[in-house]
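The exercises below concern the structure shown next. Each consists of a task and a solution that proceeds step by step.

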2 protein chains.
Amino acid sequence: MANNNDPQFVKEIADMQQDFPQWYTDVVTKTGMVDYGPVKGTMVIRPYGYAIWEIIQDELNKRFRQTGHQNAYFPMFIPYSFLTREAEHVEGFAPEVALVTHVGNEELPEKLVVRPTSETIIGTMYSKWIQSWRDLPVKINQWANVVRWEKTTRPFLRTSEFLWQEGHTVHRTAEEAQEETLTMLEVYREFAETVLAIPMLTGRKTDKEKFAGADATYTIEAMMLDGKSLQSGTSHNLGQNFAKAFDIKFLDKDNALHYPYQSSWGVSTRLIGALVMAHGDQRGLALPPMVAPYQVVIVPIAAHKGGVLEKVAEVADRLKAAGIRVYVDDRDQSPGWKFNEWEMKGVPCRMEIGPRDIENNTCVLVRRDTHDKTPASLEGLEDTVKAYLDDIQHNMLLKATAFRDSHIVDVADMDELKAAVDSGNFARTMWCGARSCEDAVKERTSASSRCMPFDQTPVGDRCVCCGKKLSKGEGYTIYFAKAY
Amino acid sequence: MANNNDPQFVKEIADMQQDFPQWYTDVVTKTGMVDYGPVKGTMVIRPYGYAIWEIIQDELNKRFRQTGHQNAYFPMFIPYSFLTREAEHVEGFAPEVALVTHVGNEELPEKLVVRPTSETIIGTMYSKWIQSWRDLPVKINQWANVVRWEKTTRPFLRTSEFLWQEGHTVHRTAEEAQEETLTMLEVYREFAETVLAIPMLTGRKTDKEKFAGADATYTIEAMMLDGKSLQSGTSHNLGQNFAKAFDIKFLDKDNALHYPYQSSWGVSTRLIGALVMAHGDQRGLALPPMVAPYQVVIVPIAAHKGGVLEKVAEVADRLKAAGIRVYVDDRDQSPGWKFNEWEMKGVPCRMEIGPRDIENNTCVLVRRDTHDKTPASLEGLEDTVKAYLDDIQHNMLLKATAFRDSHIVDVADMDELKAAVDSGNFARTMWCGARSCEDAVKERTSASSRCMPFDQTPVGDRCVCCGKKLSKGEGYTIYFAKAY
């Protein structure tokens, strides 16, 4: 709804210091990004939110193509029996899958699973398509909706249905599959930092937290402004697990049949939630320019005066021709009302043009990240604005990185771990690797997420939980955090 | 699978004159566009088919934006009770909807419909979002998967799950809704002719064939090479039917509450089937350049000779830089094998470059539509190829239009109608407008589709069925055809 003129539209947002969850809900709903669907746990992605998703899709598609992937589309309905073929997979997903049992009044011969992820159906097709080493590698990605029934849901972060992409690749060797798994994690990390301006902690999940059916799961983890961790994307090395379950075999150069090695990886509409909670402030959303549906909003000042709207249109056309996403807000509202609304909606750059500016051949630029206000000449404005947006993008990453880095605390025992996590930090420490210690941390603290970073520089010599002395190369450097 | 080297890959395609349905199945499956999913009636859209769909999406999105629409995403699950609120709608869709009744082992309190179309769920949201005339118009489009259980299915043409876009708009007045309905039909027609090179018959469906819940349904109908009609897109004027069923009301300038007027419109992956059956030939697929994933495939001749692959790469880079979609086929197969494969896959332009060409600074171009072969200088090749592709695009539309126009037969009685349709034509005639005559044509002939063209120039003065004499302005000019 482009022309919402309701003066009530700029609404109150909860204080993020007092009630971060309510602040989040206010921001995502009152900016027109999302609404609740009629079925519990579902969301409606409204145009302002969906425009962000489309930019994310474009940027990822570019990267997927550059790394040799092709898009395809697989059916959403999976015969229930498929799910049961991989033991860990069915255990992980069976309780939360939606089941189609009837069409009209007729019962189906076999109930159908609405895909929670597509390893099983894609594996079935791959077993048909792959015969020879010449058919490898297969590197396919799919953009799709998936369904996982969740008890507690929040828009973008955890919903019964969400949108995502899932890459599914098949390789001749274990090495190639591992290389692909890590390449795609790096694609995600680079994308998140470059486009979303969110620094990512990269590493491996513990066996307890890995994907149901994978040999290993790698993750990008982002720190939200409340110090909690948002798992923002995962890349799985599936080994031969699904190949064996779905009988994917290929004739190798040795003229013998072998099971290939697979990877899968995905990011979802959850990334929109990450954007909100990594960059927002008391006034609402703050969007990095690269992912903002409107990078510049022009607000005419004294729009009724002769020449103002004409000049605004002229400037807008120039910026659009330079590839900048511009919106002219010529609605019948006061400039102050518009300033509030576009600040709430997180537009990176506001431009004001009034009669005095026109006289001086200038405009005023206001940046969302620092609220700084600066005049700019209309001459060469395209280059000025591009540099301005680049600077905002850069600054937002710096700011988020500084925040994150100042909220990582090295801890040596359970009390320190608890205190660090409770006060909104990532706790970095050592872990002996025992499942009992992992479970104990979860039970005795609020740290519900773990990530073993690629950088395994030790930060101590004892397990944070059992206190076991770790010799060189023993145990893991690990981050504990509250998880979304 | 970019590197399928199986020598068996170029496979036999049925003779289209002998067995058109088998020819279609061979073409869509053997070119790697589509495969059958494990659940009956579902399809897997493989990379070559999906790449076509992505181009269709891009081209339509451009047009939707230009006409002021925004994309959004609504949940796939609809409470069953919603479906029942609009009487015609539930009657039309209830028998073919897939129903989710359970999550894991638990039964849901209300069964959920997997959307067959989204008027009901979108109407529910609109009733929440729309309060004032200031909120209108709302012009939202969604790209989504939908499910309609079909008895007889064929890839792209009719499948249980398919991909589509559905536009849903809300307007203050009946006139605006009607204008939107016809504007979007015109967007479809222009897109189909410009991009897909398929001429479209535009008109209105009879009341019997209109969308369940609409006041009127408009259609674009394409003639396939077997003379049958493929309904390729529809645009519905929904009047106030869904507004009343879902209680969408707005405060108008007269300070009173009114029901707004709505439209909805959609095209689907069916368009890929239209492309196949409008342009294909005995050798397989023929794609118009604007929608071809690869517009040019370069086949190196005597690739082992020094300099050939280098020159091919150089030419490919130049064409890519000029915005042309190019694929270099440097696989270890004979040129003849490659020619066959790319002809089957419908690539508009094949380019051959061998040692002799390099000596002469030339290449050879072969066009898919006419099979003509012509040498071209490597100098200024970008412009040459662009003009060449434009000519192919133009020629394919001309050819399809000439075919269509030569297969429209004016008929005056039922015998003529039957003969015309049975021998692969559209029968154009007069209809009195009575449902009984419409039903009789369906029962007594193989004509299963009807379209009342916008051009209502009379082609006779008697109803083709009952023979009733029609005075000026009475009855309808109408096309009857066999329908896909």
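**Exercise 1: a helix and its buried side**

H1(A) is followed by A:Gly32, whose phi is positive, near 75 degrees. The model is predicted, so local features need pLDDT of at least 70 and side-chain atom pairs pLDDT 80 or more, whereas totals for chains, interfaces and linings use all residues. Residues are numbered from 1 along each chain as its sequence is written, and chains are lettered from A and ligands numbered from 1 in the order in which they are written.

Task: Determine which residues of helix H1 (residues 20-30) of chain A are buried, and what they pack against.

Solution. Step 1: a residue counts as buried if 20 or more other C-beta atoms, placed from the backbone, lie within 10 Å of its own. By this criterion A:Trp23, A:Tyr24, A:Val27 and A:Val28 are buried in H1(A). Step 2: these residues cover an arc of only 120 degrees around the axis, which puts them on the same side of H1(A); the arc is that of the directions from the helix axis to the C-beta atoms. An α-helix has 3.6 residues a turn, so residues three or four places apart point the same way. Step 3: the buried residues of H1(A) pack against strand E1 (34-36) and helix H8 (270-279) of chain A. Helices (H or I, at least four residues) and strands (E, at least two) are DSSP runs, numbered from the N terminus.

**Exercise 2: the relation between the copies**

Task: State by what turn and shift chain B can be laid on chain A.

Solution. Step 1: copies are superposed by least squares on the C-alpha atoms of residues with pLDDT of at least 70 in both. A turn of 180 degrees and a shift of 0.0 Å along the axis lay chain B on chain A with an RMSD of 0.0 Å. Step 2: the two copies are thus related as by a two-fold rotation axis. Step 3: the C-alpha of chain B nearest this axis belongs to B:Val100, 2.1 Å from it.

**Exercise 3: the interface**

Task: Establish how many residues of chain B are in contact with chain A, and which strand of chain A is joined to E5(B).

Solution. Step 1: with contact defined as C-beta atoms, placed from the backbone, within 7 Å, 51 residues of chain B touch 51 residues of chain A. Step 2: strand E5 (residues 98-103) of chain B supplies the largest share of its side, six residues. Step 3: five bridges join E5 (residues 98-103) of chain A to E5(B), in the antiparallel sense; strands pair if DSSP finds at least two bridges between them. Here A:Leu99 has B:His102 as its bridge partner.

Terms used:
Two residues are in contact if their C-beta atoms, placed from the backbone, lie within 7 Å. A residue is buried if 20 or more other C-beta atoms lie within 10 Å of its own, exposed if 12 or fewer, and partly exposed in between; C-beta atoms are placed from the backbone.
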